[in-house]
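Good morning, and thank you for the time on the agenda. I would ask you to keep the sequence and the structure in view while I speak.

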Amino acid sequence: MPCGRQESGAAAPARYVVGVDVGSTEVKCHVYDRAAAVRGSGWRKVESLYPHPGWVELDPEVLWSQFVGVIKEAVQAAGLHMRQIAGLGISTQRATFITWHKRTGKPFHNFISWQDLRSAELVNSWNKSLLLKVVHVIFTVLHFLTGNDRYLAPSFLTFSTQQTSMKLSWVFKNIHEAEEAAKKNNCCFGTVDTWLLYRLTKGSVYATDYSNASATGVFEPFTKCWNPTLCNLLSIPMSIYPPVKDTSFNFGSADSEIFGVPIPIMAVVADQQSAMFGECCFHPGDVKLTMGTGGFWNVNTGEHLFASRRDLFTNVDETAKMARSIVDSQGVCFVPGFQVSVNDPYLCASFMGLKPSTTRSHLVRAILESVAFRNKQLYDTIVKKVRIPLQTIRADGGVSNNSFVMQMTSDLINKKIEKPANADMSSLGAAFLAGLASGFWTDKEQLKKLRRIEAVFEPQKDLEEYKPAMDTWLQAMRRSPCW
C-alpha cells in the first residue's frame, strides 16, 4: 500500500470518503472521490450459519474480520493511504442483532439474522393471545379519544419473525447467561452497526442511530425512544439498549491499531435508509425501490409520521432474455416466502401450476413476474396509505439490473422509474452521510448534482394486459400459507 508520505512544502494529499455496506449476502466497500466516483472497492461474501432448521446466524468474529478486510482492500485498490480517508460511513442490514457482556465484551450468542425463524412459535402464541387483544382495545380507545397517531400502531400491533423484539424475548427465555447479565445490568444489545462501532472504538463508543433503532420493532418513532410498554410486555429489560444518535454524526474514530491511523466514523445507517439517501430522495413524495435480498419500497413523507396497517443464474441479462423468449409463464406461478406481509412465519417459497410442458424459461419468467407483481401490490398499498403525491421513483439493488422486471414494474404501476448508474446505493448513501458530517461535501444540493442515471423505464403496456397473469398469481398466493 502506498505510504503517502508528504514532503515538506508539498500540497496536502487528496481526501476521500469510504462507504461500507454490510448486507445480508455481501460486505462491500467503496472509496469515493469528491465527484462520487468509485476509486477502489473491496468485497466479501457473508457467511451465514444454519445451526437448526429455520435458524440463521452470523459469526461475529468472521463478520468483523470481513468488515476490516474489505476496507483495507478498497483503500489499497484505490492506491491510497489510510490517512487520506476523511470519513467512514457504515450501512448495515437491519434487525440483525447480538447481545454481549458489558464488562468483558464477550457475546452471549452469534448474530441472530433478520431472516431467522426461531421465534415462530412465540410469534404465533402472542398474536393469538388474549393479552394482545386487550392491548388492541386499549389503544383503539386512546386513538379514538385523542386522534393521536401515536396510539394507532399499537391498536393493530401484530408480531412477526423478522422483528427483533420477539427474537430478543427468545434470547432471554433460552440463554441463561444473557438473562443473568441483564439482571445485573451487564448485558448490551446491539444491531450490526452498534457492534461494529463498539469493536472499531475498542469499546469506548456504545451507540446506534435512529434508522437502525427504528427497524427493531422496539423503538417508538413518535417519542424517539425505546418502547418501555413493549419491553415490559415481553419482559425485556430496558437497561440493555444503546443510546440513539443522529445518523450523520461524529461517532468518534476507529482505533489506530486497526487501520494504522484513527479514521473518523461519521455515519452509521440502516441499509434501506442509506440507499434512499444515496438516491437523493430528499423531498416529500420521492420514492426508492430496492430489489435485492428482499423487495423494499421507501417513501419520503417529509416531517409527517404515518402509522399504517397493513443461485439459479449469475447473469441478469440472461434471465431477462429467457423471460422475453416466451409469451407468458404458461400458468406457472412463483410464490416468494415473504413471511411478514401475510403474517405467516411458516410460509415458504413455492412453484405452482407446473406441467409436463413447463420449461426452464417458464420457471424463470414466473420468478421475475412475481417480483413485479409484488412491487405492484406494495405500490398500491403506499398510494392508499400514504396520502402524499408520489414524485420520482428510483430503483436500486441487484434485481434492478434486470430490464424485464424493471419494465414490467413500470407498466404495472404506470410510472416512470429511474435506475442509477451505480446500483450500490447503500454504500453511496453511507458515504454521502459521512461526507456531509465531515465537510467533504457541503450540502444536499451538491449531492444531487453528483447523481448519474443509467436508464429510465417508462410504461409501454396497459395494466389490463397483465390482469390474467396477476389474477392467477394472487390465486396461488391464497393457496400457499401455513405450509
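Helix α11 has seven of its eight residues buried, so it is largely enclosed by the rest of the structure. The buried residues are Asp 271, Gln 272, Ser 274, Ala 275, Met 276, Phe 277 and Gly 278. Please bear in mind that this is a predicted model, and that every value I quote today is computed from it.

Just after α11, the backbone does something that deserves a look. Cys 280 takes a positive phi of about 60° there, although Cys 280 is not a glycine. The residue belongs to the loop that runs between α11 (271-278) and β15 (287-291). Is Cys 280 buried or exposed? Its relative accessibility is 1%, and Cys 280 therefore counts as buried, the cut-off being under 20%.

A second residue of this kind is Ala 36, which has a positive phi of about 65° and is not a glycine either. Ala 36 sits in the loop between β2 and β3, and those two strands form a hairpin with five residues between them. Strand β2 covers residues 26-32 and strand β3 covers residues 38-45; they pair in the antiparallel sense over seven bridges. Within that pairing, Val 27 is placed opposite Arg 44 of β3. As for Ala 36 in the turn, its relative accessible area is 15%; this is under the 20% limit, so Ala 36 is classed as buried.

Let me return to covered elements, beginning with a strand. In β14, residues 265-270, six of the six residues are buried, and the strand is mostly covered. Strand β6 (residues 85-92) pairs with β14 in the parallel sense, over five bridges. In this pair, Ile 90 stands opposite Val 268 of β14. As a general point, side chains in a regular strand alternate between the two faces of the sheet.

Next, a second helix. Helix α5 spans residues 164-174, and nine of its 11 residues are buried, so α5 too is largely enclosed by the rest of the structure. Which residues of α5 are buried? They are Thr 164, Ser 165, Met 166, Lys 167, Leu 168, Ser 169, Trp 170, Val 171 and Phe 172. You will notice that a lysine is on that list, at position 167. In general, an α-helix has 3.6 residues a turn, so residues three or four places apart point the same way. The buried residues of α5 pack against β7 (97-101), β8 (111-112), α2 (120-127), α6 (176-183), β9 (187-191) and α9 (228-234).

One of those neighbours, α2, contains Glu 121. How accessible is Glu 121, and which class does that give? The relative accessible area of Glu 121 is 65%, and because exposed means over 50%, Glu 121 is exposed. The C-alpha atoms of Glu 121 and Asn 227 are separated by 23 Å, with these positions 106 residues apart along the chain counted as their separation.

For contrast, consider Val 335, which lies in strand β17 (residues 333-335). Val 335 is buried, with a relative accessible area of 0%. Leaving aside residues up to four places away in sequence, Val 335 touches Cys 348, Ala 349, Ser 350, Ala 476, Met 477 and Ser 480. Met 408 is 73 residues from Val 335 along the chain, and the C-alpha atoms of the two are separated by 17 Å.

An intermediate case is Thr 359, in the loop between β18 (350-352) and α14 (360-385). With a relative accessibility of 35%, Thr 359 counts as partly exposed. The C-alpha atoms of Thr 359 and Gln 330 are 9.5 Å apart, and the two residues are 29 residues apart along the chain.

Finally, the chain as a whole. The model has 18 helices and 21 strands. Its radius of gyration is 23 Å, close to the 23 Å that the globule rule gives for 483 residues, so the chain is as compact as a globular protein of that length. Along the principal axes, the C-alpha atoms fill a box of roughly 75 × 55 × 45 Å. Of the 483 residues, 52% are buried. The chain exposes about 22000 Å², and carbon and sulfur atoms supply 53% of that area. As to charge, there are 51 positive and 44 negative charges, and their mean positions are 3 Å apart.

How values were computed. Residues are numbered from 1 along each chain as its sequence is written. This is a predicted model: local features need pLDDT of at least 70, side-chain atom pairs count only at pLDDT 80 or more; totals for chains, interfaces and linings use all residues. Side-chain values use heavy atoms; hydrogens and water are left out. Helices (H or I, at least four residues) and strands (E, at least two) are DSSP runs, numbered from the N terminus. The radius of gyration is taken over C-alpha atoms; the globule rule is 2.2 Å times the number of residues to the power 0.38. Buried means under 20% relative accessible area, exposed over 50%, partly exposed in between (1.4 Å probe, protein chains only). Accessible areas come from the Shrake-Rupley method with a 1.4 Å probe; for residues, only the protein chains shown count as cover. Lys and Arg count as positive and Asp and Glu as negative; His and the chain ends are not counted. The place of a charge is taken as NZ of Lys, CZ of Arg, CG of Asp or CD of Glu. Two strands pair if DSSP finds at least two bridges between them. Contact means heavy atoms within 4.5 Å.
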